[in-house]
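I set out to record a few local features of this model, beginning with one loop and moving outward from there. The entries follow in the order in which I looked things up.

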Amino acid sequence: MPETIVIGPYHPALLEPELYEVVVEGKKIVDVSVEQGYTHRGIENLLSTKTYRQGVFICERICGLCSHAHSCCYCQVVEKIFDIEPPKRARYIRTAIFELDRLQSHYMWSALLFHTLRDEKLFIKLLDAREPLMDLIELICGNRVHYSINAIGGVRRDLTPAAAERVRQVLGQLEVTSGDILRALESHAPRLSGIGALSREGAAAAGVVGPVLRASGVESDIRKDDPYAAYEEVDFEVKVEGGCDVYARALVRARETYESMNIIRQLLDNLPAGEIGVEVGEPHVGEGISRVEAPRGELIYYVKSNGTNIPERVKLRPPTYMNEHAVAEMLRGEQLDDLPLILESLDRCISCTNRLAVVDARTGRKRSVRLVDLG
Amino acid sequence: MKGLMVYRVNVGSCNGCDIEVLSALASRFELADMGVGVASEPGEANALLVVGAVNAKTAEHLKQVYQKIKPPRMVVAVGACAFSSGAFSGSYSVANPTDELIPVNAYVPGCPPSPHAIADALAGAVRAKPRGWRAPEDFRGVPEVDAEECTGCGACAQVCPAGAIEVLDEGGKRKVRFEYAKCISCAFCEEACPEDAVKLAVRYPLAVKSKGEAVDEAELALAKCASCGTPFVPPGQLTSAAKRIMEGVPEYVESRYAIERSMMLCLNCRSRLESIKGAKGLLLDLSGAVQAR
């Protein structure tokens with residue numbers, strides 16, 4: 001006899017609030033539905049009340065882990081609308097910060113994976129190892145989480161030679177950390193392998209993005225497929241795994257950290273001289289779209305301009321919104337005990353995704369929509 | 001309070017504060033040594049860390065979670081959102097700030113607050129000695145206004161994305177008030193200030209017990225309208241504006257007195273017919289002066 005277990009909205013297995021209704025037979029998961037909206041902050045609406053320049057700081061606050069990806073993507077669309085191009089040096093600095101952001105996000109994810117595996121020693125060890133990176137970001141940008149370094153037309157702060165030197169030192173330390181993560185993953189491999197399967201076809205059907213897609217054997221990365229900022233000017237590999245399981249997703253992220261370091265080193269070696277920003281003129285009437293490879297995958301921004309200094313409409317599609325479509329497929333047929341690990345393997349970012357609520361116009365009642373109902 | 005078991009509740013956060021609370025568990029912040037532990041269920045905790053802007057969906061949950069915390073329930077609102085809805089204030093989905101739903105013992109300003117500030121706030125709660133962390137040279141802390149330099153023009157309030165700066169005229173005075181509860185430390189005010197009167201403090205903001213403690217303010221006397229006598233503008237703003245006009249168009253210097261006199265009229269008096277006529281005459285004189293060169 002199937003029974004329904006409700007997990008959430010607040011549960012030790014969930015970092016962010018979400019509600020899962022899990023249908024089980026014994027310990028086996030038969031079906032899952034997800035209810036969201038616990039971190040809904042009305043951001044798209046708020047963005048069409050702020051000026052373009054103010055919007056950069058609001059976008060950043062959509063997500064604490066990929067804040068730079070959000071502000072970059074927003075600035076890129078707005079730069080199209082203003083018909084301006086950031087100087088080369090600004091593009092290089094943007095890209096370097098982008099990869100520092102990816103590093104800290106992947107390290108935080110690894111720490112949380114080992115926390116989910118109840119390896120508390122490694123959890124603290126990785127948090128400790130991440131701190132020099134966070135200090136470095138704070139040194140360059142002035143804050144550890146919301147960097148506020150992006151501006152329309154460039155960046156707000158230059159990268160000093162002293163800071164660049166510090167970046168190289170920290171990267172040296174982080175290589176050791178990435179090695180530690182890969183070794184630890186290997187020792188946990190039996191626990192992580194074969195669970196949360198998502199086939200190549202399943203991944204394509206659900207439309208997943210980022211490391212989740214690459215762990216299902218698909219070579220897809222916006223940095224390569226549709227290069228932005230300075231990605232066309234650096235050499236790097238897109239990491240792909242064929243395992244299609246939790247272990248493969250962990251490997252993709254761990255191996256990507258080396259590529260991020262590789263990209264940052266190339267950027268520092270070839271950092272062009274010059275300005276870090278251009279004059280911002282007036283916005284054109286029209287619309288624009290831009291996408292970036294956030295730590296969690298493809299992030300898309302659409303902006304519509306009516307020629308005033310406030311955007312008429314801002315629409316975004318964050319990576320977790322796509323990846324959540326695969327949750328049910330990954331969980332069906334698995335054991336309930338594996339649920340936390342499988343959810344963790346998606347590296348979900350709920351704060352980006354909670355942007356939907358339906359209001360009944362007749363009664364004024366608000367209700368949320370489940371992903372399954374969206375079809 | 002001896003020994004603190006903290007439970008973190010996310011009521012609508014960008015997870016920036018969440019990860020900084022997690023980061024505070026790193027060994028360097030010595031929370032475990034101070035007797036601060038992390039509870040995975042509210043029932044095991046005697047302290048509640050609230051992160052995020054409370055929204056329509058989480059408001060009830062927050063009250064329920066609060067009830068489950070073991071008395072004497074220490075509540076810390078971590079970050080601008082929990083403090084005052086922060087950058088999201090004004091959004092349709094954001095409900096009342098934390099302290100209108102449950103009692104709050106301490107607030108940590110910041111967007112997000114550094115783990116240094118969170119750790120020091122918790123140290124205060126267990127009567128351990130705060131470490132007094134030092135922020136790096138270019139840290140973006142909370143804005144501080146130099147009342148000597150501020151002319152009360154309000155450029156900072158206009159650009160602030162979080163609505164953290166208010167300009168109030170009352171009792172013949174203008175107040176420019178920076179509310180740290182809402183401040184996201186983007187440094188936009190510092191960039192916009194024409195007088196260089198606003199600087200972001202290079203320090204981690206300390207926890208406070210009430211919103212009133214988390215403000216900085218410049219208070220300026222208002223000069224009176226030359227016609228009706230209503231106080232309407234801080235004299236420094238006029239001087240500064242006049243100076244920029246003269247620097248921008250040197251030909252105007254000869255008409256300096258007429259320009260300054262026309263600026264001394266309040267909005268009401270400025271829109272009277274004879275004032276408009278006067279202003280038109282002045283503009284004709286000025287453009288004549290420019291053409292003559």
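Is B:Ile69 buried or exposed? I noted first that the model is a predicted one. B:Ile69 has a relative accessible area of 2%. Because the limit for a buried residue is under 20%, I entered B:Ile69 as buried.

**Entry: the loop between α2 and β4 of chain B.** I placed B:Ile69 in this loop. I then looked up a pair of C-alpha atoms and found B:Ile69 and B:Leu48 separated by 7.2 Å, although the two are 21 residues apart along the chain. For the loop's limits I wrote down α2 as 59-68 and β4 as 74-78. B:Pro72 is found here as well, and a cis peptide bond joins B:Pro71 to B:Pro72, with omega at about 5 degrees. I also located B:Arg73 in this loop. B:Arg73 is not a glycine, yet its phi is positive, at about 30 degrees. Its relative accessibility is 22%, so I listed B:Arg73 as partly exposed.

**Entry: another cis peptide bond.** I looked up the bond from B:Cys111 to B:Pro112 and recorded it as cis, with omega near -15 degrees. B:Pro112 lies in the loop that runs between β5 (106-108) and α4 (115-125) of chain B.

**Entry: another positive phi.** Which sign does phi of B:Asn15 have? I found it positive, near 70 degrees, in a residue other than glycine. B:Asn15 sits in the loop between β1 (4-10) and α1 (16-23) of chain B. I counted B:Asn15 as buried because its relative accessibility is 2%.

**Entry: charge on the surface of chain B.** Which residues form the negative surface patch? I listed B:Asp146, B:Glu148, B:Glu149 and B:Asp196. Of these I followed up B:Glu148, which is placed in the loop between β6 (143-145) and α5 (155-159) of chain B. With 75% relative accessibility, B:Glu148 counts as exposed.

**Entry: helix α6 of chain A.** I turned to chain A and examined α6, which covers residues 161-192. Where does the kink in this helix lie? I located it at A:Glu186, with a bend of about 45 degrees. The proline A:Pro190 comes shortly after the kink. Following α6(A) I found A:Gly194, with a positive phi near 75 degrees.

How values were computed
Residues numbered from 1 in each chain as written. Chains lettered and ligands numbered in written order. Predicted model: local features only at pLDDT ≥ 70, side-chain atom pairs only at ≥ 80, totals over all residues. Heavy atoms only, no water. Patch = residues over 30% accessible without salt bridge, like charges linked within 9 Å, V, L, I, M, F, W, Y side chains within 5 Å. Areas by Shrake-Rupley, 256 points an atom, 1.4 Å probe, with all protein chains shown as cover. Salt bridge = Lys/Arg side-chain N within 4 Å of Asp/Glu carboxyl O. Lys, Arg positive; Asp, Glu negative; His and termini not counted. Charge placed at Lys NZ, Arg CZ, Asp CG, Glu CD. Helix = DSSP H or I, 4+ residues; strand = E, 2+ residues; numbered from the N terminus. Buried < 20%, exposed > 50% of the residue type's maximum accessible area, 1.4 Å probe, protein only. Bend = angle between axes of the 7 residues up to and from the residue.
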